[in-house]
Amino acid sequence: MSRIVKIFDTTLRDGEQSPGCSMNLKEKLEMAKQLERLKIDVIEAGFAIASPGDFESVQLVANEIKNATVASLARSTEKDISTAYEAIKTAVNPRIHFFIATSDLHMEYKLKMKPDAVLEKAIAMAKYARNLCGEVEFSAEDASRTRPEFLYQVLEAVIDQGVCVVNVPDTVGYATPDEYFRFIQGIRNNVPNIDKAVISAHVHDDLGLAVANSLAAIQAGAGQVECTINGIGERAGNAALEEIVMALKTRNDIYQADTNIDTTQIYRSSRLLTKLTGVKVQPNKAIVGENAFAHESGIHQHGVLANKQTYEIMTPESIGLKENKMVLGKHSGKHAFVDKLSSLGYSFKDEEILDLFEQFKVLADKKKDITDKDILALVEQKQLAIPEVYSLERFVISTGNTISTAATVQLRKNGDLIEGVSLGDGPISAGFKAISELVGSNLTLIDYGVEAVTDGTDAQGEAQVKISDGNQVYHGRGLSTDIIDASLKAYIDAVNQMIYINETQVHAEKV
Ligand SMILES: [Zn+2]
């Protein structure tokens, strides 16, 4: 009989703190809701004390998520732990996750504490956290490089205080699979009260071994693994959730462990994270890369046509890659549209549905078949909408291969019309320049790209723009069947993001 391994997702904490992966409040909530659809057991929503903005987002996730445990990270101080609890206390199932480093290297140089003092601190904080919250997880930072006897002693002591999950990270991504297997086994054999707690693995991918190490931990008896969507995270990233889950599913004969994950939501979760952060997945990435299920060579294609199993160890359907073939079109009614929304896991108030249905009709006039991806793009755009200080009213761009490009762009700023003209090397650069001059800030374009949401010549284009004001990078998105329209909208969205983020940070400081 297979046992269940719990999936602890730290996309919103360890993942979000990696370069280029920051998300605003609405984006974090949207990601959390998708993690809930994916049926994650524990969502680590953030590090509540890190900033007022972090506190607010952890609190929002705790309020909204009903079917998963919501955790916040805390260092080993009363202030950190009580702030974490303050942020998560309204969750259906809150969990405080506190940590202290236990390796000689970290204790001596980072904490400047003697082992006895670290042990004492861990005990005191476990007691403090347990008084606040029924569910407490303890992490021994740099556990894989900790002297085993000391680690056993610390784990036994915190379990005695009522900690129910002990996490033993390979913080620096240094362990190898057989070593990490023996390490977990050592904990099982040498911590006398280990049956009162779940052992958790949290590994980083510095040597490309994160998933292998997580699977080794599971084989050695770990009951929880900590991971992120697309493997995002500090440095080389965390263990990739989708790879661990699909390895357990595909090789159940070896691991004899299941998860509660709805694997058909994997592709959608990966795609949403890419959209929110603008950080792309490499094409050959296992499970969710663009080529992961593509058979290029003739011999392989021939084999797959004859019998899929010749070259396919799992199906694209199992991760939700192949979408429902039921397409909507111009003549689809509101009823069919609402059905489609609920089959995608969304429920909206009546007035929101009316608004979305109107947008759907506009799109259906331009595009014959409306697929799930088109509808998801519309819905996500609505969910992620932030106050529009600037919006695109109209633009005219004249371009050609023998003339210089001129863009006239008219924007609405808080209701008032403003217009600017600019020259550029091409339509996008001229358009961006015109907007930047109208906004009047000194903005640098960091990254720009446009992709088709679906196949076909009438496909919607989704543009991504990253700009910097010298302090921070802001990420904007735009959607349209016209790529120049989508691109200008994305640039304006990035400007609105800049205003929104700066305003919510000021507002958050009042918390
Ligand atoms: Zn980590």
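**Exercise 1. Determine whether H202 and H204 are buried or exposed, and describe the zinc site.**

Solution. H202 has a relative accessibility of 6% and therefore counts as buried, where buried means under 20% relative accessible area, exposed over 50% and partly exposed in between (1.4 Å probe, protein chains only). H204, at 4% relative accessibility, also counts as buried. The model is predicted: local features need pLDDT of at least 70, side-chain atom pairs count only at pLDDT 80 or more, and totals for chains, interfaces and linings use all residues. Residues are numbered from 1 along each chain as its sequence is written, and side-chain values use heavy atoms, with hydrogens and water left out.

The next step concerns the metal. The zinc ion has as protein donors D14 (OD), H202 (NE2) and H204 (NE2), at 1.9 to 2.2 Å. Donors are N, O and S atoms within 2.8 Å of the metal (3.2 Å for Na, K and Ca); water is not among the atoms, so sites may look incomplete. Along the chain, the zinc donors have the spacing D-x187-H-x1-H.

**Exercise 2. Describe how helix α4 packs against helix α6.**

Solution. Two packed helices are described by the angle between their axes and the distance between the axes. Helix α4 covers residues 78–88 and helix α6 residues 115–132; their axes are 10 Å apart and the packing angle is about 25°. Helices (H or I, at least four residues) and strands (E, at least two) are DSSP runs, numbered from the N terminus. Axes are lines fitted to C-alpha atoms, for helices over the stretch in contact, and angles run from 0 to 180 degrees between N-to-C directions.

The angle makes α4 roughly parallel to α6; angles under 35 degrees count as roughly parallel, over 145 as roughly antiparallel, 65 to 115 as roughly perpendicular and the rest as oblique. The crossing of α4 and α6 is right-handed, that is, the near helix is turned clockwise from the far one by less than a right angle, whereas anticlockwise would be left-handed.

On the α4 side, E78, I81, S82 and Y85 meet M125, Y128, A129 and L132 of α6, contact meaning heavy atoms within 4.5 Å. By class, the residues of this contact of α4 with α6 are six nonpolar, one polar and one charged. Ala, Val, Leu, Ile, Met, Phe, Trp, Tyr, Cys and Pro count as nonpolar, Asp, Glu, Lys and Arg as charged, and the others, Gly among them, as polar.

**Exercise 3. Apply the same steps to helices α12 and α16.**

Solution. The axes of α12 (residues 266–277) and α16 (residues 372–383) come within 13 Å and cross at roughly 45°. Helix α12 is therefore oblique to α16. Their crossing is right-handed. R268, R271, L272 and K275 of α12 make the contact with K373, L376, A377 and E380 of α16. The residues of this contact of α12 with α16 comprise three nonpolar, no polar and five charged.

**Exercise 4. State where K39 and K112 lie, and give phi for each.**

Solution. Most residues other than glycine have a negative phi, and most peptide bonds are trans. K39, not a glycine, has a positive phi of about 70°. K39 lies in the loop between α2 (25–37) and β3 (42–46), and is partly exposed, with a relative accessible area of 45%. K112 has a positive phi near 50°. The loop between α5 (104–111) and α6 holds K112, which counts as exposed at 66% relative accessibility.
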